[in-house]
Amino acid sequence: MAIPKILVIDDEPALQKAMHKVLKNENYALAFAGNGLEGLAYLEKERPDLIFLDLRMPGLDGFGFLEKLNIKPYDPYHVVVITGHGDDKEVLRSFELGVNFFLRKPLSLIEVRCIAKRCIEMKANERELQEHRNSLEKLVAARTLALINQVRFQQNLIDSIPVPVYFKDNTLHYLGCNKAFKKSLGCAREDIIGKTDHEIMAQKQARVHHHQDLQLLKTGETTFYEITSAYPDGKEHDLLVFKSLFYDKDGSIGGLIGTNLDITERNQAQVQAELHAAELENTNTALRVLLKQVNENKTEMESRVLDNFTRLVNPYLDLLEENLANTVQQEYIKVVKENIKKITSSFSLNLSSSYLGLSPREIQVADLVRQGRANKEAARILNISINAVEFHRNNLRKKLGLQNKKINLRTYLLSMQ
């Protein structure tokens, strides 16, 4: 710890000697000056902890010294005035110039020693307090800056959220909001903070929000509801509002935070979807009626075709078959009659539509197999070799998935009717 420094400014050697005697054993670093100019010269080099100053001196006296010194509260020293002629005016002027204590001659050495000790202790305490004050100010400044940065970050964070976000205290006055919320109201932030819903929006919407907020404060349960609100663009927007409470450190309700989700497009899309669904339902009803009519017409036409074949074609084929003497020609007639039956049945349609990979010849062979014709008969009817008939039969089994299976080809073809 540094040794305290004391400067004595007095032109009397006897007083200097007395001050040296009383203070030399107190572990102080003593310095002496004969007038105010010498004292100022010392202060340019050193900073004492205490100055004892005589008012009456040749050259620059005590008052001249004090005026040039211009004592400030934060200076590192106290000033104690020593005089043997001072009246009340001098005392008053001395204190006005920043003097801390005033001693009259003849001096009490005990009083000098006690005042020196007290002044140095006071200045040390002042320095310590100032250091604490400076540290505290730095700490407060750092904490304040951190708080400002945190608030700025939180504000930037909620401003980056594209949907309106806002929060209120437990009296339902706005504490803050983001840019999206300001835009939805067409208000500046300062026109929102500290206000209630009734002060910043239409009364109809304000009453709904106020009622919902009171319910939230009462129940504590997160709530959501839909509301229609007019935006600054003059258009009505459908909003889905979500609200929840937040709490202070002591667990008490601090207020609520809310968000407004614009569901206008969703609702419009839902209406369009419902209209489209209704149109589809009407279309489907019309199609069902049309399909029913088509099926009825188809059945009627099939019936007419079958009746025409039965009345107009089959009798003549029977007569032709009876009057033909050539066996081969009779076989052809039988094939024609069978094919006519196929035309009026679903077999050929099923075979050709379900298995598009069949060639026309394979379909002919399949027809004959279904009729129960042997390979030799089929070869004679189709005017091809028996090997060719067998070749087509094998292809039929492959294409129908019957190869290496113990399934009769004719039985399988008959099952396709």
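Student: Why is Lys105 called partly exposed?

Tutor: This is a predicted model, and its values are computed. Lys105 has a relative accessible area of 24%. Buried means under 20%, and exposed means over 50%. The value for Lys105 lies in between, so Lys105 counts as partly exposed.

Student: What makes Asp10 buried?

Tutor: Its relative accessible area is 1%. The cut-off is under 20%. Asp10 is therefore buried.

Student: How do you know that Asp10 and Lys105 form a salt bridge?

Tutor: The N to O distance between their side chains is 3.8 Å. The rule asks for a Lys or Arg nitrogen within 4 Å of an Asp or Glu carboxyl oxygen. The pair meets that rule, so the contact is called a salt bridge.

Student: Why does this pair tie together separate parts of the chain?

Tutor: Asp10 sits in the loop between strand 1 and helix 1, and Lys105 in the loop between strand 5 and helix 5. The two parts are 95 residues apart in sequence, so the salt bridge ties them together.

Student: Which residues are linked with Asp10 and Lys105 in a network?

Tutor: Glu12 and Asp54 belong to that network of salt bridges too.

Student: How many salt bridges does the rule give?

Tutor: The count comes to 17. Another of them joins Asp159 to Arg189, at 3.9 Å from N to O. Asp159 belongs to helix 5, and Arg189 to the loop between helix 6 and helix 7. They are 30 residues apart, and the pair links distant parts of the chain.

Student: Are Asp159 and Arg189 buried or partly exposed?

Tutor: Take each value against the 20% limit. Asp159 has 18% relative accessibility, so Asp159 counts as buried. Arg189 has 22%, so Arg189 counts as partly exposed.

Student: What makes the contact of Glu281 with Arg288 a salt bridge?

Tutor: Their closest N and O atoms are 3.6 Å apart. The limit is within 4 Å, so the contact qualifies. Glu281 has 42% relative accessibility and counts as partly exposed. Arg288, with a relative accessible area of 48%, is partly exposed.

Student: Why is helix 3 called largely enclosed?

Tutor: Six of its eight residues are buried, so helix 3 is largely enclosed by the rest of the structure. The buried ones are Gly62, Phe63, Gly64, Phe65, Leu66 and Leu69. Their cover includes strand 1, helix 2, strand 3, strand 4 and helix 4.

Student: Why is strand 1 described as largely enclosed?

Tutor: Four of the five residues of strand 1 are buried, so the rest of the structure largely encloses this strand.

Student: How do you know that strand 1 and strand 2 pair?

Tutor: Five bridges run between them, in the parallel sense. At least two bridges are needed, so they count as paired. Lys5 has Ala29 in strand 2 as its bridge partner.

Student: Which strands stand at the edges of the five-stranded sheet, and why?

Tutor: The order is 7-6-10-9-8, with antiparallel pairing, and the sheet is open. Strand 7 and strand 8 each have a single partner strand, so one side of each is left without a neighbour in the sheet. From one strand to the next, the twist averages 25 degrees.

Student: What makes strand 8 and strand 9 a pair?

Tutor: They share eight bridges in the antiparallel sense. The rule asks for at least two, so they pair. Thr223 stands opposite Lys243 in strand 9. Helix 8 packs on the sheet, touching strand 6, strand 8, strand 9 and strand 10. The direction of helix 8 makes about 165 degrees with that of strand 8.

Student: How do you know that strand 6 and strand 7 pair?

Tutor: Three bridges join these antiparallel strands. At least two suffice, so strand 6 and strand 7 pair. Tyr166 stands opposite Cys177 in strand 7. The two strands form a hairpin with four residues between them. Leu172 in that turn has a positive phi of about 70 degrees.

Student: Why are helix 13 and helix 14 called roughly perpendicular?

Tutor: Their axes cross at roughly 110 degrees and come within 8 Å. Angles from 65 to 115 degrees count as roughly perpendicular, so the label fits.

Student: Which residues of helix 13 meet helix 14?

Tutor: Asn375, Lys376, Ala378 and Ala379 do. On helix 14 they meet Ile386, Val389, Glu390 and Arg393. By class, this contact has four nonpolar, one polar and three charged residues.

Key
Residues are numbered from 1 along each chain as its sequence is written. This is a predicted model: local features need pLDDT of at least 70, side-chain atom pairs count only at pLDDT 80 or more; totals for chains, interfaces and linings use all residues. Side-chain values use heavy atoms; hydrogens and water are left out. Axes are lines fitted to C-alpha atoms, for helices over the stretch in contact, and angles run from 0 to 180 degrees between N-to-C directions. Angles under 35 degrees count as roughly parallel, over 145 as roughly antiparallel, 65 to 115 as roughly perpendicular and the rest as oblique. Contact means heavy atoms within 4.5 Å. Ala, Val, Leu, Ile, Met, Phe, Trp, Tyr, Cys and Pro count as nonpolar, Asp, Glu, Lys and Arg as charged, and the others, Gly among them, as polar. Buried means under 20% relative accessible area, exposed over 50%, partly exposed in between (1.4 Å probe, protein chains only).
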